[in-house]
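Let's take a walk through this protein, from the inside outwards. Have a look at the fold below before reading on.

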Amino acid sequence: MTDVDREIREIAELSDNPLEERIRRQIPHYGFYPGGANAHFVSEVNWHWHGEYEFGYVAEGSILYKTSRSRFILHSGEAIFINSGVLHYLQPLEEGTRLYTQFIDGAFLAEPGSFADERYLRPVAEKRRLDAFPIRRADGEEALLDGLEEGIRLAQERAPFYEFRLKGIFLSVWERVYARASAELLPEEKTGEESDRRVKEMILYIQQHFQEEIAAADIAHSAHVSERECYRLFKGSLEMTPIEFLFSVRIRRAQEMLMRTDKSVLDIALEAGFSSSSYFGKRFREQCGISPGQFRKRYWEMIKG
């Protein structure tokens with residue numbers, strides 16, 4: 001299987017989710033994404049966020065994680081914590097990389113509004129400087145990693161009472177997360193929090209209007225910032241321009257239509273927000289390495305066996 005064929009297979013597993021990702025729950029307040037990186041995304045997972053706390057565990061290979069403040073490379077046997085509401089991006093760096101991700105919200109550990117919630121959960125979510133941190137045995141986090149590995153095993157086996165055992169594991173895991181948040185001595189950055197909010201507003205605007213003829217000025221206006229500030233925020237947080245992000249959303253939508261409909265390439269180009277099929281073909285080939293027609297052909301060859 002070529003790299004392009006592998007990419008097509010991985011795209012086929014994607015759903016049309018907004019950038020504020022909605023986590024599929026295995027049990028109330030807990031989600032588990034099994035099967036590894038290749039089962040859930042193409043060569044990357046674009047910038048997004050969700051309300052749940054995320055724990056990613058690398059079983060094989062290596063993965064790059066980025067937030068607007070941090071950048072980590074994780075290898076086999078290492079993990080990461082992503083705080084609630086944090087913009088983040090991830091990309092496998094090796095073929096065959098496998099990632100197991102567990103998500104919890106605060107209600108999994110404590111009743112919302114309870115003393116435990118106010119004392120131990122909200123302070124972590126509100127610690128915006130603690131956007132993410134790696135979890136490595138070399139840093140003395142053996143117990144935390146063992147807990148995440150046990151959580152993966154329980155979520156896969158689903159033996160009787162596994163839900164109770166999962167909660168017990170994450171209560172212990174949370175002690176380490178809370179300790180890490182409490183150790184953060186740097187002052188909170190209100191300006192950084194405001195930048196995150198504006199970037200989220202702009203990428204949601206792009207997600208909602210990518211089919212229309214929009215320009216950087218329109219994107220900037222959606223967050224009530226200048227066009228220059230819009231470019232600064234995108235480059236500073238996402239390491240790409242707003243127009244580059246717009247095209248990445250359009251290409252992803254086009255890939256989905258090529259796989260799931262029999263619409264013509266012209267119709268797909270126009271529906272994805274491109275002005276012509278020739279320009280669409282040029283941008284698609286730049287990003288995917290093949291033409292839209294070749295992409296569709298390989299996909300159908302793949303699903304037919």
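How many cavities of 30 Å³ or more does the protein have? The count comes to one. Keep in mind that this is a predicted model, so everything here is computed from that prediction. Rolling a probe the size of a water molecule over the atoms shows where empty space is left. In this model, the largest cavity has a volume of about 30 Å³. Its lining is made up of Ser-68, Arg-69, Val-86, Leu-87, Arg-128, Asp-131 and Asp-196. Sorted by class, that lining has four charged residues, two nonpolar ones and one polar one.

Now step back to the overall layout. The protein has eleven helices and nine strands. It holds 305 residues, and buried residues make up 49% of them. Looking at contacts with a separation of 6 or more, 73% are between residues 24 or more positions apart.

Next comes the nonpolar interior. The largest nonpolar core has 33 residues, and the members that touch the most others are Tyr-30, Phe-55, Phe-81, Ile-104, Phe-170 and Trp-174. Two or more residues come from each of the strands S1, S3, S6, S8 and S9 and the helices H2, H3 and H4. H4 gives the most, with nine residues. To see how this looks from one side chain, click on Phe-55. Leaving out residues up to four places away in sequence, Phe-55 touches Ile-80, Phe-81, Tyr-100, Thr-101, Gln-102, Ile-104, Leu-148, Phe-170, Val-173, Trp-174 and Val-177. There is also a second, separate core of 23 residues, which includes Trp-47, Leu-87, Tyr-89 and Leu-246. You've met Leu-87 already, as one of the residues that line the largest cavity.

H3 is worth a stop of its own. How far apart are the end C-alpha atoms of this helix? They are 23 Å apart, and that agrees with the 22 Å you'd expect because the 16 residues (142–157) should rise 1.5 Å each. An α-helix has 3.6 residues a turn, so residues three or four places apart point the same way. With that in mind, look at which H3 residues are buried: Leu-144, Leu-145, Gly-147, Leu-148, Gly-151, Ile-152, Leu-154 and Ala-155. These buried residues pack against the strands S1 (30–33), S3 (53–60), S6 (79–82), S8 (98–104) and S9 (132–135), and against helix H4 (162–182). Leu-148 is also among the residues that Phe-55 touches.

Just after H3 comes Arg-158, with a positive phi near 55°. Most residues other than glycine have a negative phi, and most peptide bonds are trans. Two further residues with positive phi sit in loops. His-224 has a phi near 60° and lies in the loop between helix H6 (216–222) and helix H7 (227–238). Is His-224 buried or exposed? It counts as exposed, because its relative accessibility is 68%. Glu-239 also has a phi near 60°, and it lies in the loop between H7 and helix H8 (242–260). At 46% relative accessibility, Glu-239 counts as partly exposed.

While you're around H7, compare a residue of helix H5 (190–209), namely Ser-195. Ser-195 is buried because its relative accessible area is 19%, and the cut-off for buried is under 20%. Leaving out residues up to four places away in sequence, Ser-195 touches Arg-232 and Leu-233.

Finish with helix H8, where you'll find Leu-258. Why does Leu-258 count as buried? Its relative accessibility is 0%, so it falls in the buried class. Beyond residues up to four places away in sequence, Leu-258 touches Ile-268, Phe-284, Pro-292, Phe-295, Arg-296 and Trp-300. Pro-292 is 34 residues from Leu-258 in sequence, yet their C-alpha atoms are 7.4 Å apart. Lys-297, which is in helix H11 (292–303), is 39 residues from Leu-258 in sequence and 9.2 Å away, C-alpha to C-alpha. In contrast to the buried Leu-258, Lys-297 counts as exposed, at 52% relative accessibility.

Technical notes. Residues numbered from 1 in each chain as written. Predicted model: local features only at pLDDT ≥ 70, side-chain atom pairs only at ≥ 80, totals over all residues. Heavy atoms only, no water. Helix = DSSP H or I, 4+ residues; strand = E, 2+ residues; numbered from the N terminus. Expected span 1.5 Å × (residues − 1). Buried < 20%, exposed > 50% of the residue type's maximum accessible area, 1.4 Å probe, protein only. Contact = heavy atoms within 4.5 Å. Core = buried A, V, L, I, M, F, W, Y, C linked by side-chain atoms within 4.5 Å. 1 Å grid on protein atoms, 1.4 Å probe; cavity = no way out; pocket = protein on both sides within 12 Å on 5 of 7 lines; lining within 4 Å. Points joined across faces, edges and corners; volume = space filled by probe spheres on them. Nonpolar A, V, L, I, M, F, W, Y, C, P; charged D, E, K, R; others polar.
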